[in-house]
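Got your viewer open? Here's a short walk through the model, one selection at a time.

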Amino acid sequence: MASIVSPFRRTYRYLQYLAHEQPVIFFSCAMGITGPILALTVPSIRQKYFGHIPAESVPTTYPLPKRSRGAVQGYEDE
């Protein structure tokens with residue numbers, strides 16, 4: 001049973017070592033682990049508890065008028 005838990009124990013001890021000896025590496029690992037977790041949880045929390053409504057999407061085309069298009073006069077290349 002000890003062989004199953006051993007890698008986790010070594011990882012914990014290594015993180016303790018990094019926190020005392022090289023805090024920059026420890027905190028960069030901590031921020032790297034929390035980034036994906038926050039990316040998955042924050043949007044649902046914003047919508048559920050703070051009432052966040054996403055902005056409308058930006059239009060990708062120019063809206064055409066709802067009328068018949070007249071022929072253009074005076075700009076021929078002939």
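Before the first stop, a working definition: the bend at a residue is the angle between two fitted axes, one for the seven residues ending there and one for the seven starting there. Keep in mind that this is a predicted model.

Now select leucine 38. Helix α2 bends there by about 35°. Next, put a distance between the end C-alpha atoms of α2: they span only 35 Å, whereas a straight helix of 28 residues would span 40 Å at 1.5 Å a residue.

Stay with the helices and look for ring contacts. There are two aromatic pairs in the structure. In one of them, phenylalanine 26 and phenylalanine 27 have ring centres 5.2 Å apart and planes at 75°; an angle over 60 degrees counts as edge-to-face, so that's what this pair is. Colour phenylalanine 26 by accessibility and you get 22% relative accessible area, which counts as partly exposed because the buried class ends at 20%.

Then jump to phenylalanine 50, also a residue of α2. This one is exposed, at 67% relative accessible area. Add Ile45 and Tyr49 to the selection and show the surface: together with Phe50 they make a nonpolar patch with about 400 Å² of accessible area.

Step past the helix. Glycine 51 follows α2, and its phi is positive, near 70°. Further along, select proline 54, in the segment after α2 (23–50). Is proline 54 buried or exposed? Exposed, with a relative accessible area of 51%.

For a last stop, draw a C-alpha to C-alpha line from proline 54 to tyrosine 17: the two are 37 residues apart in sequence and 43 Å apart in space.

Notes: Residues numbered from 1 in each chain as written. Predicted model: local features only at pLDDT ≥ 70, side-chain atom pairs only at ≥ 80, totals over all residues. Heavy atoms only, no water. Helix = DSSP H or I, 4+ residues; strand = E, 2+ residues; numbered from the N terminus. Buried < 20%, exposed > 50% of the residue type's maximum accessible area, 1.4 Å probe, protein only. Patch = residues over 30% accessible without salt bridge, like charges linked within 9 Å, V, L, I, M, F, W, Y side chains within 5 Å. Areas by Shrake-Rupley, 256 points an atom, 1.4 Å probe, with all protein chains shown as cover. Salt bridge = Lys/Arg side-chain N within 4 Å of Asp/Glu carboxyl O. Expected span 1.5 Å × (residues − 1). Phe/Tyr/Trp six-rings, centres within 6.5 Å; stacked < 30°, edge-to-face > 60°.
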